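The following exercises concern a single protein chain. Please examine the sequence and the structure before reading each solution.

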Amino acid sequence: MGDCESVAPQLEGEENLIAAAKHIVSALGSSKNLTKDVKKILADLGSQLSDMATIEDEVVEGVKSEIEEQLGVVEEKIMSWETDESMIFDSGPDEASEYLNATEEARKLIGDLENRCLNGEDEKELLRRAHDVLQLAMQRLEEEFKYLLVQHRQPFEPEHMSFRSSEDDSVDVGSMVSSGDDSFEESVRRYSVSRTSEDCIIDLVHPDVIHDLKSIANSMFMSNYDHECIQAYVVVRKDALDECLFDLGIEKLSIEDVLKMEWGTLNSKIKRWVRAMKVFVRYLTSEKWLCDQIFLELGSASSICFVEAAKAPMLQLLNFAEAISISSHQPEKLVRFLDMYEVLADLIPDIDASFLDEAGSSVRIESHEVLKRLADSVRATFLEFENAIASNTSTNPFAGGGNHPLTRYVMNYIRLLVDYKDSLNLLLKNDDGEVATTLSLDSSCTEDESGSNASSRSVSAMALHLQSLTSILEANLHEKSKLYRDASLQHFFLMNNIHYMTQKVKNSELQAIFGDKWIRKHNWKFQQHAMDYERATWSSILSLLKDESNSSNNSISRTLLKERLQRFYIAFEDVYKTQTAWVIPDLQLREDLRISTSLKVIQAYRTFVGRQMHHIGEKHIRYNAEDMQDYLLDLFEGSQKSLHNPHRR
């Protein structure tokens, strides 16, 4: 067929030349001045020219006949599959190759016919037939293209993407009112958002059909059916990506839907989103690889196909994050905001690389905008967390004087925030790099950490904010302690809670953030409250056991001694009844305070009884020292008891 492309214009030129020559010969032959010999020559030349014209007409007819014959063969091949319900590319490589060759022949025949001067209806009809055949072939190849993409799609297996679910391992952060149980702390298992050193490329379509897909795409593009080919790819692969999101538990939700959700439901959906983002963005690397395998040699088609297929699913994920970022900023959302911020920040380079071309600019821009909104939400929610601690009020004292739920909630939350220290250090700064906080820090803490003349710039943004949180918490606890009428219980309550705060810092990663001096300062604080508790509880009681042996009236002294001892017993029993209901959750602190109390009380009691026994008389001794020591071991268990209860012990 290659020769036909040059024959057509050549024949046309020769036909014009012969016609011109015949016209000249005819004009010369009509002249009366020519000799017989000249006339004979001209007559012979005219006859030859006529023969040549006849030959040329026969050649033209021969070429047209050859084209018609070739078109017939192509038509037969293409049409034979129109009634066949089986798929060409399932019928073996020979059938597929023959069909693609027939398609190529149809395309070339169209080129040959368009290069001819189509004056006759026969030739125009041939061209129409060739176009019809090519169109049928393209429609069939489009079906085959879709079929191969769908039929040979590899199953989506997110577990093979090397990312595990966060739903079972991440902490479920409740509200400031409902949380506080130490089981909160035990459930903190935050999984890493670390990037892998290499993106995991997986085959989204079986490798055996890549060659066929590429051949079909090349044929359709060469036949000017590139738009149809691109659309076919986009439709199939967009459905596949939508199904991928569905398998990851991602629903199509409007911003209004998200804003109306209860926190429990929303919390679960955020966990799924975090996991889905990790899997899906890395999955898009394989999608881009598939596009390149099929379309890389076809100009910008690879980029167009990828963006058109991936844009809508990607924007669906980003729209959910945007909805979350404009929702309310309750403190319990802070960890989830941080999870979303970190995973998106981690994946931004992948998103930028995947949507690098102009066609993907909308996805790139939106991802950066959403990241900025999430950052703003983290800052706003952190501030709301601080305000919530400061404004948490109580109308009734916390029973038993133990660790208040607010203390447990705040300290466990702070421990959890350590996992996000890099992000928080970045986000809690102003644009100029200064620490962004409106809270008044405990100046002694700042001086302890960085020196009395040092600037707070030497302390990390997160450290300053966490110190602020604990300062606010302490101030709130002092206000809550005032709800107790008993001064000893006020100190007891503060001892428990400041000790709890100190232990949480001392026995965790918070130690490196708060520093040893902060720990020593707060150790001193809770120990001071323990001493104040002992003074408030026992000073007046033990004063009854003071030695006043210099009295001049022995009979009055005996009476007073007996009264003072009875008053001591009454006071002791009252303390026992009251403080067995008080609680010290920490076993070591409970034991330490019991020992300290026992040393003071039992020593004073033994001394008094030993010196005054002969004045008082044994019958007035209600308890021996060993019994009293045992009674003191009942204190701070959180279960009220009475020494008058016959069922005690």
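**Exercise 1. Determine which residues Leu417 contacts and whether Leu417 is buried or exposed.**

Step 1. When neighbours within four places in sequence are set aside, Leu417 is in contact (heavy atoms within 4.5 Å) with Leu334, Val335, Leu338, Phe382, Leu424, Met462 and Leu466.

Step 2. The model is predicted, so local features need pLDDT of at least 70 and side-chain atom pairs count only at pLDDT 80 or more, while totals for chains, interfaces and linings use all residues. Residues are numbered from 1 along each chain as its sequence is written, and side-chain values use heavy atoms, with hydrogens and water left out.

Step 3. Leu417 belongs to helix α13 (residues 405-417); helices (H or I, at least four residues) and strands (E, at least two) are DSSP runs, numbered from the N terminus.

Step 4. One of the contacts, Val335, is 82 residues from Leu417 in sequence, yet their C-alpha atoms are 7.4 Å apart in space.

Step 5. The relative accessibility of Leu417 is 0%, so the residue counts as buried (buried means under 20% relative accessible area, exposed over 50%, partly exposed in between, with a 1.4 Å probe and protein chains only).

**Exercise 2. Classify Lys238 by accessibility and find its contacts.**

Step 1. Lys238 is located in helix α7 (residues 226-247).

Step 2. Its relative accessibility is 25%, and therefore Lys238 is partly exposed.

Step 3. Apart from neighbours within four places in sequence, Lys238 contacts Ala309 and Ala312.

Step 4. Between Lys238 and Pro313 there are 7.7 Å in space, C-alpha to C-alpha, and 75 residues in sequence.

**Exercise 3. Describe the surroundings of Thr537.**

Step 1. Helix α19 (residues 516-542) contains Thr537.

Step 2. Thr537 has a relative accessible area of 6% and is therefore buried.

Step 3. Not counting residues up to four places away in sequence, Thr537 touches Ser488, Val575 and Gln579.

Step 4. The side chain of Thr537 forms a polar contact of 3.5 Å with that of Ser488, and another of 3.3 Å with that of Gln579. A polar contact is a pair of N or O atoms within 3.5 Å; within protein, one must be able to donate a hydrogen and the other to accept it, and residues adjacent in sequence count only if both atoms are side-chain atoms.

**Exercise 4. State how many aromatic pairs the structure holds, and analyse the pair of Phe156 and Tyr283.**

Step 1. The whole structure holds 23 aromatic pairs. Rings of Phe, Tyr and Trp (its six-membered ring) pair if their centres lie within 6.5 Å; planes under 30 degrees apart count as stacked, over 60 as edge-to-face and the rest as tilted.

Step 2. For Phe156 and Tyr283, the ring centres are 5.2 Å apart and the planes stand at 85°, so this pair is edge-to-face.

Step 3. Phe156 is in the loop between α4 (121-151) and α5 (183-186), whereas Tyr283 is in helix α9 (residues 263-295), so the pair ties together parts that are 127 residues apart in sequence.

Step 4. Both Phe156 and Tyr283 are buried.

Step 5. Ring pairs also link a cluster made of Trp538, Phe568, Tyr569, Phe572, Tyr576, Tyr605, Tyr623 and Tyr631.

**Exercise 5. Identify the residues that touch the most other members of the largest nonpolar core.**

Step 1. A nonpolar core is a set of buried Ala, Val, Leu, Ile, Met, Phe, Trp, Tyr and Cys residues joined through side-chain atoms within 4.5 Å.

Step 2. The largest such core has 173 residues, and Phe145, Phe295, Phe568 and Tyr605 touch the most other members. Helix α9 contributes the largest share of this core, 16 residues.

Step 3. Not counting residues up to four places away in sequence, Phe568 touches Ile541, Leu542, Leu544, Leu545, Val601, Tyr605 and Met628.

**Exercise 6. Compare the phi values and burial of Asn224 and Phe636.**

Step 1. Most residues other than glycine have a negative phi.

Step 2. Asn224 has a positive phi, near 65°, and lies in the loop between α6 (210-222) and α7. Asn224 is exposed, with a relative accessible area of 66%.

Step 3. Phe636, also not a glycine, has a positive phi of about 70° and is found in the segment after α22 (625-632). Phe636 is buried, with a relative accessible area of 0%.
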